[in-house]
Amino acid sequence: MEDSKFDVMIHAPNRLQICALLAPLDQVEFRVIREELGVSDSVLSKHIKQLEDIGYIKQKKNKVNGRARRWFYLTASGRRAFELHVQELKRIVSNM
Amino acid sequence: MYIWFPIWKVINFCTMTNKKHIQSKKAQEALDSINKIQQAGLKRVLPTPVWLGAMLGILVGTQIALLGAEIRTYNTILIVLILIMVITIINKTQSVGVVERMMLSKRAIIISLICIVLLYFLAIISGQYLNRHYGYYWAPVAIGAFFTFGIWSLIIGAYQLYNKRTNIPS
């Protein structure tokens, strides 16, 4: 079993919530992430860009009812990093 | 110096304990926020409505029964209705903005689909065979009903699994 690891990139509140929202799902649309996090488009785009740059999430575009939509999903490395981060959080809590 | 040393140690220990306590509290808060948003995300996933699943099951079962009895008159209309059902289910999933993660691997999904298609044709062929050679007129109907029940059970199973994952009492 791999050791838990605290990931600074994931731990920022908005990025942590983005990863948490994507983790149990296959794909999530930009609109849904924005609604769940309660942030503006620009703030969300900034955090998504940071996660994309390190290869934790990816996006794909498609059209639903003629409208272009952006869908996001966790990559294998992003999923692994998130799992290790959660493990580390649990370890911190259980150590107290 | 001798007197102050242990006091420093005590102060240091208290500070460390306090820091640890704050860390632990923040970690717990982070874990709580993760659970909360995961539940919110899962609740957005709409399971295939039970009535839609039941209709799909009835349509597929009817088609198998009719083809088994070698009645092809309504085949085209049944195929069109089944396609409309499938498109409605896909469209409903797309419009909510979340797609649920499949528990099965891609390989398992492909194998399952191949098995379902094979079973579908096997059901039609066995219905035709039993009807033609043994005169069992009820056989295609029984096989069709069996398929309807199978699809219905799958939809109910998926629905209950969804409720379990999102902690909604059924």
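In this predicted model, two helices of chain B meet through a small set of named residues. On one side are Ile64(B), Leu67(B) and Gly68(B) of H2(B), and facing them are Ala123(B), Ile124(B), Gly127(B), Gln128(B) and Asn131(B) of H4(B). Sort that contact by class and you get four nonpolar residues, four polar ones and no charged ones.

How do the two helices sit against each other? Helix H2 of chain B covers residues 50-68 and helix H4 of chain B covers residues 106-134; their axes are 8 Å apart, and they pack at an angle of about 40 degrees. An angle from 35 up to 65 degrees falls outside both the roughly parallel and the roughly perpendicular ranges, so H2(B) and H4(B) count as oblique to each other. As for handedness, the crossing of H2(B) and H4(B) is right-handed.

Now step back to the two chains as wholes. Here they are side by side:

| Item | Chain A | Chain B |
|---|---|---|
| Residues | 96 residues | 170 residues |
| Helices and strands | five helices, three strands | five helices, one strand |
| Order of elements | α-α-β-α-α-β-β-α | α-α-α-β-α-α |
| Buried residues | 33% | 17% |
| Contacts at least 24 apart, among those at least 6 apart in sequence | 56% | 75% |

Reading the order from the N terminus, chain A opens with two helices before its first strand comes along, and it ends on a helix. Chain B runs through three helices, then its strand, then two more helices.

Next, the place where the chains touch. How many residues of each chain are involved? The contact takes in 21 residues of chain A and 24 residues of chain B. On the chain A side, four elements each give at least two residues: helix H2 (13-22), strand E1 (25-29), helix H3 (30-37) and helix H5 (76-95). That side of chain A is made up of 14 nonpolar, two polar and five charged residues.

Strand E1 of chain A does something else here too: it pairs across the chain boundary. Its partner is strand E1 of chain B, residues 98-100; the two strands run antiparallel and three bridges join them. Which residue of E1(B) is the bridge partner of Gln27(A)? That would be Val99(B).

So, to recap the picture: chain B has its H2(B) and H4(B) crossing at about 40 degrees, and the two chains meet through 21 residues of chain A and 24 of chain B, with E1(A) and E1(B) joined by bridges.

Technical notes:
Residues numbered from 1 in each chain as written. Chains lettered and ligands numbered in written order. Predicted model: local features only at pLDDT ≥ 70, side-chain atom pairs only at ≥ 80, totals over all residues. Contact = placed C-beta atoms within 7 Å. Nonpolar A, V, L, I, M, F, W, Y, C, P; charged D, E, K, R; others polar. Pairing = 2+ DSSP bridges. Buried ≥ 20, exposed ≤ 12 C-beta atoms within 10 Å, placed from the backbone. Axes fitted to C-alpha atoms, helices over the stretch in contact; angles between N-to-C directions. Parallel < 35°, antiparallel > 145°, perpendicular 65-115°, else oblique. Left-handed = near helix turned anticlockwise from the far one by under 90°.
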